[in-house]
Amino acid sequence: MVLITGGAGFIGSNLIHYWTSTTTETVINVDNLTYAGNLQNLAELAGDPRYIFFRSDIGNIQAICQILRKYRPRAIVNLAAESHVDRSIHDPDAFIQTNVVGTLRLLKAVYSHWSALGASEQDEFRFLHVSTDEVYGSLEPGAPPFRETTAYAPNSPYAASKAASDHLVRSYHRTYGLPVLITNCCNNYGPYQFPEKLIPLIIHRALAGKPLPIYGDGGNVRDWLYVADHCAALQRVLERGRPGEVYNIGASSEKTNLEVVHRLCDILDEGKPRRDGKSYREQVAFVKDRPGHDRRYGIDATKIQRELGWKPQETFESGLRKTTRWYIDNQQWVADVTSSAYRDWIALHYGERAG
Ligand code: NAD
Ligand code: DAU
């Protein structure tokens with residue numbers, strides 16, 4: 001049995017689907033259902049005895065201890081977090097509360113449980129903390145991509161909160177011997193991603209006939225990985241990763257934001273052409289840049305490839321086509337998540353950027 005936190009979010013729900021379809025294990029999902037958590041993502045699993053859901057904050061030590069005592073999972077995969085950089089710029093507090101304080105409290109609960117286990121259960125136990133390449137800061141053009149040994153230099157409140165959580169997890173290994181693993185992954189995309197992030201935002205706004213906001217000059221570079229490939233990597237790290245180690249995850253698929261948006265427009269032009277026959281590229285609108293906007297991220301995934309034998313299955317093109325198709329086919333899901341709270345966020349954030 002494994003316990004996944006943040007399982008109602010984008011990567012978490014993909015990971016639960018991945019786990020239940022590739023193993024026979026039971027999965028426990030602990031999620032407090034923020035604006036980003038959506039049980040519709042897991043509707044197919046309702047009533048499945050191999051899936052158990054608890055609505056709880058990761059910082060609720062008592063609740064987490066009770067769940068651990070009752071179910072005795074062999075591993076925990078910690079995905080619960082506030083995850084959107086722009087929201088962290090508007091209001092960092094929730095990021096510190098969940099990503100830093102919440103992770104610390106989760107570690108305390110897990111350590112208290114783990115310390116009471118017998119020697120063989122202790123040896124087999126794993127705490128996998130899912131983190132981001134943003135902790136490494138911004139790369140200059142032409143600089144080598146981030147390695148596990150790259151120094152931390154987080155630039156946004158989100159990145160700083162994730163960096164702090166990584167350090168806490170590391171400290172629980174060095175100080176208390178908890179068998180932890182840390183992964184730092186690049187930008188994910190795929191089904192169930194909340195349409196505040198670039199790719200689903202662009203698909204949603206393109207189909208709605210709205211401007212496609214590109215921050216600054218559109219030349220910022222991100223390294224893109226299809227979410228199912230990230231899930232496979234997490235499973236592999238849990239199976240074969242060495243406690244105390246860090247693994248960078250990425251597909252060496254660096255693109256400028258303008259390249260990503262243009263490619264999305266072209267795929268939509270084929271799959272769901274505009275009624276007026278023009279290209280979705282006409283909707284592109286350059287808007288005010290993100291403060292402190294990191295220019296470039298890139299991952300060197302040599303370690304996980306060589307040591308654990310993981311490699312991605314999707315290319316950027318195949319992943320983007322699957323993703324676009326999923327959003328076209330799941331318009332009701334999009335309509336449900338773009339509720340009044342979503343509209344408030346769009347008005348607050350893009351209202352300020354309107355040119
Ligand atoms: P998301 O925002 O879609 O989902 C986060 C989930 O965590 C939601 O279901 C939310 O309800 C839950 N949650 C938030 N605060 C919680 C709390 N205090 N207690 C319990 N549950 C809580 O995020 P995502 O994009 O799926 O990212 C998941 C993890 O992966 C995060 O830790 C993020 O930093 C990391 N990550 C994301 C990406 C990416 O591109 N999305 C890349 C690398 C790493
Ligand atoms: O690198 C991993 C990180 O990727 C994760 O840790 C984060 O949780 C995840 O949100 C993501 O962060 P980014 O800031 O890179 O993702 P986002 O989708 O918000 O933005 C991607 C790029 O697109 C970034 O350079 C900003 C730009 N952008 C974004 C939005 C929302 C725009 O140009 N316009 C937009 O409207």
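The shell around ligand 1 in this predicted model is a mix of residue classes: 13 are nonpolar, twelve are polar and three are charged. Together these make 28 residues around ligand 1, and among them Ile 11, Asp 31, Ser 83, Tyr 158 and Lys 162 come nearest. If you are new to this structure, those five residues are a handy place to start looking.

Now follow the oxygen atoms of ligand 1. The backbone of Phe 10 offers an N or O atom that lies 3.0 Å from an oxygen atom of the ligand. Thr 34 also uses its backbone here, with a polar atom 3.0 Å from an oxygen atom of ligand 1. Lys 162 takes part through its side chain, where a polar atom lies 2.7 Å from a ligand oxygen. How much of ligand 1 does the protein cover? Taken on its own, ligand 1 has 840 Å² of accessible area, and the protein covers 97% of that.

Next, let us see which parts of the fold line this site. Two helices and two strands each supply at least two residues of the shell around ligand 1: helix H1 (10-22), helix H6 (157-176), strand S5 (126-132) and strand S7 (187-189). Strand S5 gives the most, with three residues.

With that picture in mind, turn to ligand 2. Here there are 25 residues around the ligand, and Asp 133, Tyr 158, Arg 290, His 293 and Tyr 350 come nearest. You have met Tyr 158 already, as one of the residues that come nearest to ligand 1. By class, the shell around ligand 2 holds eleven nonpolar residues, along with seven polar and seven charged ones.

The oxygen atoms of ligand 2 are again good guides. Ser 83, listed earlier among the residues nearest to ligand 1, has a polar backbone atom 2.8 Å from an oxygen atom of ligand 2. The backbone of Leu 198 likewise places a polar atom 2.7 Å from a ligand 2 oxygen. Asn 257 contributes its side chain, with a polar atom 2.9 Å from an oxygen atom of this ligand. Of the 690 Å² of accessible area that ligand 2 has on its own, the protein covers 95%.

Which elements give two or more residues to the shell around ligand 2? They are helix H3 (85-90), helix H7 (198-207) and strand S8 (212-215). Strand S8 provides the largest share of that shell, three residues.

Note on methods: Residues are numbered from 1 along each chain as its sequence is written. Chains are lettered from A and ligands numbered from 1 in the order in which they are written. This is a predicted model: local features need pLDDT of at least 70, side-chain atom pairs count only at pLDDT 80 or more; totals for chains, interfaces and linings use all residues. Side-chain values use heavy atoms; hydrogens and water are left out. A residue is near a molecule or strand if one of its heavy atoms lies within 4 Å of it. A polar contact is a pair of N or O atoms within 3.5 Å; within protein, one must be able to donate a hydrogen and the other to accept it, and residues adjacent in sequence count only if both atoms are side-chain atoms. Accessible areas come from the Shrake-Rupley method with a 1.4 Å probe; for residues, only the protein chains shown count as cover. Helices (H or I, at least four residues) and strands (E, at least two) are DSSP runs, numbered from the N terminus. Ala, Val, Leu, Ile, Met, Phe, Trp, Tyr, Cys and Pro count as nonpolar, Asp, Glu, Lys and Arg as charged, and the others, Gly among them, as polar.
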